[in-house]
Structure formats: structure tokens, C-alpha cells
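Colleague: I've got a model open and want to walk through a few spots with you. Can we take it piece by piece?

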Amino acid sequence: MAAYRSTAGFQRVLHAVKHVCFKQRCGVIVCRYSTVYDPNEKTFDKILIANRGEIACRVIKTCKKMGIRTVAVHSDVDSSAVHVKMADEAMCVGPAPTSKSYLNMDAIMNAIKQTGAQAVHPGYGFLSENKEFAKRLAAEGVTFIGPDTHAIQAMGDKIESKLIAKAAKVNTIPGFDGVVKNAEEAVKIAGEIGYPVMIKASAGGGGKGMRIAWNDEETREGFRFSSQEAASSFGDDRLLIEKFIDNPRHIEIQVLADKHGNALWLNERECSIQRRNQKVVEEAPSTFLDPDKRRVMGEQAVSLAKAVKYSSAGTVEFLVDSKKNFYFLEMNTRLQVEHPITECITGLDLVQQMIRIAKGYKLQHKQADIPINGWAIESRVYAEDPYKSFGLPSIGRLSQYQEPLDLPNVRVDSGIQEGSDISIYYDPMISKLVTYGKTREEALKKMEDALDNYVIRGVTHNIPLLREIIVHPRFVSGDISTKFLPEVYPDGFKGHMLTAGERRELLATAAALYVAAQLRSQKFLGDLRVSVVPAESRQWELCVELDKGVHMLGVSRSGNNYTVEIDGEKVEVSGEWNLASALLPITVNGTHRTLQCLLRTAAGEITLQYLGTSFKVRVLSKLAASLSKHMPEKVPEDTSSILRSPMPGSVVAVSVKPGDNVAEGQEICVIEAMKMQNSMTAAKTAKVKSVHCKAGDTVGEGDLLVELE
């Protein structure tokens, strides 16, 4: 990795000690991005943030450091959201659906007029790459904190951007440069390019409106779904087709350009870990690039930015094959979701840079000023069920929420708090969890600890998947591509697979926790509840059930230390055993672990989050175990004859009616969740018995959709 570099120009930027990038805490270096406020450098008095959630909070934080007042906009269901509370002012811009609130230009323009905001930061998504919104702001004399409309238009249209990239001598992917008119033309073009092909929305981004096709049938289906998603997400159903680069890496370059013709590249971000073309884990820098390749990619990214007279923070995305050949994918003319990892390794506050540039100031740095200092990793924490297609949305209220901010070198960008609702109307992201280290190994270990210490209750989340990714040997070695998830988990994600030693650890911990709970229940305010209770036992015989396996355990106790004998082997478990705490820090055979007790019932049922995955354990006394065999078991539901919604969402289309014959794999209905359309298919060949939904219905996870005979 390149060493930290600092020139006189860069030193001038870091003149305010209280805002420098790295602060000393408890003897360790803590990563911070730099927001240096120069009172002589006037920008704006008031900025409106045309967004919600974590990115709105992120912008507000920098504005506060710069002495700028902020205005939040919100839908009616977001009236108590964190970004609304953080801002100096807030205005409701409509009901929950995004088309009536966060995409409602008239309402947002009205909020600007009423509050007197001088500038608008659009965040990412919503109106951030909408040229009409930027034009309306310009017409009213309001500054758009982003590039001008020409750059948004040129780079927002994937067809035009590809032509401009070619002219700027940027490597591009072979493909059809026009607009695809219909499904049959798509099939013809795909045949000429050669399969596999990528069908994607011309005005798209964020993985929406994208499909990979390997044959004519998949091309027709991909055209249908991509055009519908593109119309729903961007109001533009135009599609293009290009050659799909099989098994590539997704590496992007952060650029920064001002209105005076100056442009920089701020190193790369590795974004190859994806599901459904949406990023899951990112890191900076990439393990794959050498300094020469980094420089060439950076120079081409800057060349493209200068070709469209770009002025703001932007990201040029590339696909990189196994031989380090790289091809232009698209340019995002906005602040990227994963920008925090760039801030960690460069020390720059990208939001502050965007505000300065929008006001007309020149860049403060030269290319030689930009360092690669350490390593940063970002995990996108979503309210999703990772066991369903690597993450289908989950909704609910955060009944308990605790970010791992007490750990050093951990940053959490979030826009929620305990009690917040995760609804069907918006992206299910809970937060961006970022860890930093001097080396990649250090950053990964901190991410492992941070995920173990992250408390989220009330919604299903993807922490089990995130933790498995960062400890997987392929990821640790840097052997990754955009196919990482389907290659590592070809049958879908199943959670952590316990080794024999880990199984013993889990069983021993469950047994010790059970005994600790039993002993606590006998006491009140530290004393025995009943004075005639016999002397406290120090040995127990327990039966522990895990994954249909039954284990007989012997447990002995000495203070807070437990010795558990399992299958002739002893496991030593010790801890404070604070049963009221969300976290359960313990030591098992000398190894420190942080578990979470998600559920504990009087019937001996215990759910433990161990190594990121939730495991259901049942602990019984020897007597209770001998009697439990007489209890009736619940017969599982026959899922082959029914179709239930795997996620909350809305029904877009129903393709069958009672009496229809359907074949296995045939589409029955389409569910849209978070603007992604999902085709629901029949599990077997049968006749449709009944249909319990219609187009336009809102359904919850597990709701019955269709019954088969």
C-alpha cells in the first residue's frame, strides 16, 4: 500500500487541530474524516437536504460543523425520523409513497421557498440524478450541490455516457449503443452481441432495472421486468443491451472536480460482493489493483469527468476481469452510498468538498496530496432476511437498537434509532457499518467484533450473512468477484456451519446461561426468595437439544465460572452473566466471544446469536427431558400446494385464476418490494384451487397468495 503523503497544501487544510482526521483515544488511533471549518470561507447560510435516512443525517452532520443551518423534508410517516430531529427546520412534503413525497418536485420546491434555503443537497437516490430538478433549482436561483444539468444528462443516460466515454478514450464494454424498442428486437441484438448479455435501464442505477440473460427466453423476460422496474424507479423505461462480462470484479474510482477545470481521483473502492446487482460489502483500497493499474484507472476516470465538465463528487464504475482489463460501466453523478470508506483512507470530508465546489471554490488539493492511509471496510446492514435469495426485505419496528460505537475505529452511518419503523415504502437499509485499520487484517477483525456487538431487535437483519462473508477464506484472501455469493453459497445462504469445537462451545454456553438464569430466579435483591430453600446446588445434569441432536451435559459451577462436560470433553465458560444486557461477553476455553441472547423462555428454549448466526437451543433438566417425549409434535405445513409471499410488498400482477393448470416453475404472480420486482412461481405441476390476491394488493411476509390442488 502507498504510504501516507502530505504536502504543504494538504497541511494547510488540516490547520484546525480539533477537526483533524485522526484523534487519540484510549491509546489507539481512531479514524475520523476531516471537516475543517474556515470562517473566512463563506458558503451557504441554509441548505435543504432533499432526502431521508442515513444520508440526510450524514449531510446534516457536516453542515453543522461548517456552521450551516439545515432544512429536512419528510413524508408524513417520517415525521419523527432522526434526520427530522437533527435538522434546524423540517417540512412535510407529502404522504408515504415516494412519488408523492421525496420525488414530489413541486412540494420540495415549495419547501425551499418557504424556508429560504439557498442550496439543496440531494444525497443519493430520489432526485439526486434528476436533471429536471436541477434545472428547476437553477431557474429559482437555488444552488444544486452536485454537477450541472449537462453532466447529469450525459452521464445519467447510459447510451450517451458510453459514447462520451469512448470519445474520451475510456475502455468500454462491447454492446448496442442505441435504445432497444421491444422484446423481439432485444432478442435480435442479444444474438448479434453473443450471450450472455446484460439488459439494463438507460436511466438506471442501484441495481434496479438490470437483468442478465443467457438465452432468448431470458432476454424476453428480462426485457419485460427491466422495463417495468425502470419505469417504476426512474420514470424512464428505455433499455440498452451490452455484453455481460462473466465473473468480473466491480471496482469504482471516486472523483472530485471543481468549476475551474481541476479534477482529482481519490483512489478506488472494491464493490464486488453483491446480490441482485446491489452492493453488500465494500472496501478501500482494493486488494487486486497495483499502483500502476490504479493510476491508469484514475486517470481515465478524471478524463471522463473533464470530458463532461464535471464539477462535484462523482464515481466512475468499472468492471475488471481476471487479467486486470477494465471496462467503463457507468458514472454516478452524486455522492455514493459507500463514500465513507474513501473518507477513512484519505481523511477528506466529501460532503464538505461538494458544498465548497457548489459555491464555486477551487479544489484545495493536488493529486499528489491524496493518500491511501490504512484500510476501510463497509458492511451494509439491511432489514432483510439473508436466508431468502441473500436478502428479501423485512419490515417492523426496532424494539431494541444499539450501535457498536464503543469499539475503537468503528463508524456507523445510520438514520434510525430504537423505536424507528422499517416500512415497505423505502430502502430497507438500517446503517452502513464501517471499520478502519492500519492493515486489511486489522480492519476485518474490527468488523467481526463490530458485527458481534451490533444489537438489532424487531426486524430480521443480514448480520449473519455479513459476518460469514468477512471471515470466509476466499474473501480474506481477496479471491472475490461479483459471483462470490452464488459461488460460495450455490444452494443459498444457510447461516454459519458449526465445527465440532464450535458446537461444543455453543452447547456449553447455553447450559451455563440456563444455570445462571435458574440461580438468579431463586433470588430477590441478591438474597434467596425463601429462607428454607436448600443449599445452592453446584452440579447439574442437563439435556440440550440443538439441530435435532440431543446431548447430555454435566455442569459444575464455581462463582461465575462453569465447567461443562460434553461427550467426555470439558469446556470452561466464564462471564459476568448479566441477563438483562443485550450483549453476553464470555470467555470460552480462553477465547473471548460476544454472544447475544435473543430469546429465553421458562420452557428452556434459548436462541443465541453466536458467530453472527442465530441458533435455537432447548435446555432441559434430566427429568423434564424424560417427560418431553410424551408431548405431541406440530405437523409442518405442506408448502408445495400453497404459495405465500416471501416478503412484504405489493402485488403487481396475477397470472392465474382458479381452475387454471400450471406447470412447475410457471409464474403465478409478481410481487414488488422496495422497487424490485420478484416473480413468484409454482412449486409443482397442478391445478389452481384458489387465488387470494389481486393486482394492487399490499401483502405481508407469509401472507397466502395462491392455493394449488
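Modeller: Sure. Helices and strands here are DSSP runs, numbered from the N terminus, and keep in mind that this is a predicted model.

Colleague: Let's start with Asn51. Where does Asn51 lie, and is it buried or exposed?

Modeller: Asn51 sits in the loop between β3 (46-49) and α2 (53-65). Buried means under 20% relative accessible area. Asn51 has a relative accessible area of 3%, so it counts as buried.

Colleague: Which backbone oxygen lies 2.7 Å from a polar atom of the Asn51 side chain?

Modeller: Leaving out residues up to four places away in sequence, Asn51 touches several residues, among them His83, Tyr102, Pro122 and Tyr124. The backbone oxygen at 2.7 Å from a polar atom of its side chain belongs to Pro122.

Colleague: On to the open sheet of four strands. Which strands stand at the edges?

Modeller: The order is β8-β11-β9-β10, with antiparallel pairing. Each edge strand has a single partner, so one side of each is left without a neighbour in the sheet; the edge strands are β8 (175-180) and β10 (210-213).

Colleague: How many bridges join β9 to β10, and what is the bridge partner of Val197?

Modeller: Strand β9 (residues 197-201) runs antiparallel to β10, and four bridges join them. Val197 is one of the residues involved, and its partner in β10 is Ala213.

Colleague: Which helix packs on the sheet at about 150° to β8?

Modeller: Two helices are worth looking at here. Helix α8 (residues 183-193) lies across β8, β9 and β11, but runs at about 175° to β8. The one whose direction makes about 150° with that of β8 touches β8, β9 and β11 (239-243), and that is α7 (residues 158-167).

Colleague: Now β22. Why is β22 largely enclosed, and which residue in β24 stands opposite Arg411?

Modeller: Five of the five residues of β22 (residues 410-414) are buried, so the rest of the structure largely encloses this strand. Val410, Val412 and Ser414 point one way, while Arg411 and Asp413 point the other way. Five bridges join β22 to β24 (residues 429-437), and the two run antiparallel. Opposite Arg411 in β24 is Val434.

Colleague: Last one: which strand gives the largest share of the lining of the second largest pocket?

Modeller: That pocket holds about 870 Å³ of space. Its lining has 34 residues, with Asp547, Thr607, Ser614, Phe615 and Lys616 nearest the centre. β25 (455-457), β28 (539-546), β34 (605-610) and β35 (613-621) each supply at least two lining residues. The largest share, five residues, comes from β35.

Notes. Residues numbered from 1 in each chain as written. Predicted model: local features only at pLDDT ≥ 70, side-chain atom pairs only at ≥ 80, totals over all residues. Heavy atoms only, no water. Buried < 20%, exposed > 50% of the residue type's maximum accessible area, 1.4 Å probe, protein only. Polar contact = N/O pair within 3.5 Å; in protein donor to acceptor, adjacent residues only side chain to side chain. Contact = heavy atoms within 4.5 Å. Pairing = 2+ DSSP bridges. Axes fitted to C-alpha atoms, helices over the stretch in contact; angles between N-to-C directions. 1 Å grid on protein atoms, 1.4 Å probe; cavity = no way out; pocket = protein on both sides within 12 Å on 5 of 7 lines; lining within 4 Å. Points joined across faces, edges and corners; volume = space filled by probe spheres on them.
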